Amino acid sequence: MSTICAISTPVAEGGISVIRISGENAVNIAEKVFRPFTCESVGSMAGYTCAYGQIHDGDKTVDDGVLTVFKAPHSYTGEDVCEISCHGGIYVTKRVLRLCLDNGCEAAQAGEFTKRAMLNGKLSLTQAEAVMDTISAQGEYALASANLTRQGSLFGRIDKVTKELVKLLGELAAWVDYPEEDLPAVEESALRKSLQDALSVTGRLLADCDNGMLIKNGIDTVIAGKPNVGKSTLMNLLLGYDRSIVTDIAGTTRDVIEESARLGELVFRLSDTAGIRGTEDRVEKIGVELAEKRLEECMFIIAVFDTSAAPDDDDKALLEKVKSLGKRTLIVLNKSDLESAADEGFFKGYCENIVYISAKDPDDRSKIQAAAEKIFTPENYDADSTIFANERQRGCLAKAHRDLTAALEALDMGETLDAVTVMVDYAADSLLELTGEKATEAVVSEVFSKFCVGK
Ligand code: GDP
């Protein structure tokens, strides 16, 4: 395999830059461009050691820097790796890169170092994907989960169920293919139990994935309430800037306005909807219908009420609707700066999660955050089991779950063991694709195309 190089730090001015070289000629090439001051030669350096020295292009000094050497297989890629740290200027960094290319390296493709690590058995595909998740993590939860996946937790959980399925397939194949061998029959009840066990694992993994996606991609949230209770003001408070039109004319927000807001570790995909109330206005009616549809689809409802007035029929209708939907809900009793005409006990009858705020007071943003954190953590977030899967991983898992369900159904309907075997085979294939053990070149290329160059 060729020896590759790339700039592994951002191409921007900074303290230092790192140019990484990986491949069987890494040490030879580093020897040509780096003259160590602190040891005899690059070739004499042991793995996990570094040397201070000069980066040179023939007689010309390019920069002073530090060379770190990793020897195969104890390196990120599993190959010999040399990393040159030079001063972090854009020109000097590109100059060192060019020097490596001129001395025999090939330019690395996006994610090629990590791809080589995978091909050399240092990482599974899910662990490789978690490297990118670690780089792109925007908060503690995302980082903790990416770290767990990188350390192999997702791979371990999938691998266990895959091994069970492969063992089962072995038994089924032996029994179906060699009936004359007098092999012990595959007990239907034992087979059913194995399929049920596998299904419960894939079901649990899917639920953990969904929890992860919720935190990674944001919680689909609808801000609902009749007109003029302060929904748009609340939306602007949560966003930290004015996005929604705030007026005291009822029915101003007619379409659904969507934005993302981060409250602590939680990201909410907020929809500010038209005020829900009975109306004869044709345009407003469309807005109300859209708002009701969003209520049905969303994951979290923030129901807003104006505490300066006693609840009326529109408020009660919304409370009834929210209660019947049975979703995670926060009742916001707004306009707490005005004299209160609302009775908290009345609202408690519909939902336990209630917070008093004035959406006009920036300090009250933290009250919403505290209330939302109570609803979504900690029991709904478990760092050890939440999986920050991507769409590819979730797709493989969902397919395996469907195929296992079909296998169990085939068994229940008294179909031949052949039919059951085919479905179990599909399920095992999907799981092997997930971990990369049986992923096609196209799938692997697609995964690494999302990486940055130098990783
Ligand atoms: P929406 O129709 O539910 O989106 O309500 P808006 O956000 O447009 O607000 C309606 C009116 O109530 C505006 O005049 C806001 O300035 C006012 N308002 C919103 N929140 C508060 C609050 O906490 N206290 C007071 N006093 N007025 C508020």
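Student: Where is Pro73 found?
Tutor: Pro73 sits in the loop that links strand 5 (60-70) with strand 6. Keep in mind that this is a predicted model.

Student: Is Pro73 buried, exposed or partly exposed?
Tutor: Pro73 is partly exposed, because its relative accessible area is 45%, and the partly exposed class runs between 20% and 50%.

Student: Which residues does Pro73 touch, not counting those up to four places away in sequence?
Tutor: Gly78 and Lys122.

Student: And how many residues apart along the chain are Pro73 and Lys122?
Tutor: They are 49 residues apart along the chain, and their C-alpha atoms are separated by 9.0 Å.

Student: Back to the strands on either side of that loop. How do strand 5 and strand 6 pair, parallel or antiparallel?
Tutor: Antiparallel, over five bridges. As an example from this pair, Val69 has Cys82 in strand 6 as its bridge partner.

Student: What about strand 4 and strand 5, how many bridges there?
Tutor: Nine bridges, with strand 4 (residues 49-57) and strand 5 again in the antiparallel sense. His56 is bridged to Thr61 of strand 5.

Student: How many residues lie between the strands in that hairpin?
Tutor: Two residues lie between strand 4 and strand 5, and Gly58 in this hairpin takes a positive phi near 65°.

Student: Strand 6 has another partner. Which residue in strand 6 is the bridge partner of Val18?
Tutor: Ser85. Strand 2 (residues 16-22) runs antiparallel to strand 6 (residues 81-87), and seven bridges join them.

Student: In what order do the strands of this sheet come?
Tutor: The order is 3-4-5-6-2-1-7, in an open sheet of seven strands with mixed pairing.

Student: Why is one side of strand 3 and of strand 7 left without a neighbour in the sheet?
Tutor: Strand 3 (34-36) and strand 7 (106-107) stand at the edges and each has a single partner strand, so one side of each has no neighbour in the sheet.

Student: And where do side chains point in a regular strand?
Tutor: As a general rule, side chains in a regular strand alternate between the two faces of the sheet.

Student: Change of topic, the ligand. Which residues come nearest to the ligand?
Tutor: Asn228, Lys231, Ser232, Thr233 and Asp337 come nearest, out of 18 residues around the ligand.

Student: What does that shell divide into, by residue type?
Tutor: Five nonpolar, seven polar and six charged residues.

Student: Which helix gives the largest share of the shell?
Tutor: Helix 8 (residues 231-239), with three residues.

Student: How far is the polar side-chain atom of Lys231 from an oxygen atom of the ligand?
Tutor: That distance is 2.8 Å. For Lys360, a side-chain N or O atom is 3.4 Å from a ligand oxygen, and for Gly230 a backbone N or O atom lies 3.0 Å from a ligand oxygen.

Student: How much of the accessible area of the ligand does the protein cover?
Tutor: The protein covers 88% of the 580 Å² that the ligand has on its own.

Student: Last, the whole chain. How many helices and strands?
Tutor: There are 15 helices and 13 strands. Of the 455 residues, 49% are buried.

Student: What supplies the area that the chain exposes?
Tutor: Carbon and sulfur atoms supply 51% of the roughly 21,700 Å² exposed, about 21,700 Å² being the value for the chain.

Student: And what share of the contacts with a separation of 6 or more is between residues 24 or more positions apart?
Tutor: 66% of them.

Definitions and conventions
Residues are numbered from 1 along each chain as its sequence is written. This is a predicted model: local features need pLDDT of at least 70, side-chain atom pairs count only at pLDDT 80 or more; totals for chains, interfaces and linings use all residues. Side-chain values use heavy atoms; hydrogens and water are left out. Helices (H or I, at least four residues) and strands (E, at least two) are DSSP runs, numbered from the N terminus. Buried means under 20% relative accessible area, exposed over 50%, partly exposed in between (1.4 Å probe, protein chains only). Contact means heavy atoms within 4.5 Å. Accessible areas come from the Shrake-Rupley method with a 1.4 Å probe; for residues, only the protein chains shown count as cover. A residue is near a molecule or strand if one of its heavy atoms lies within 4 Å of it. A polar contact is a pair of N or O atoms within 3.5 Å; within protein, one must be able to donate a hydrogen and the other to accept it, and residues adjacent in sequence count only if both atoms are side-chain atoms. Ala, Val, Leu, Ile, Met, Phe, Trp, Tyr, Cys and Pro count as nonpolar, Asp, Glu, Lys and Arg as charged, and the others, Gly among them, as polar. Two strands pair if DSSP finds at least two bridges between them.
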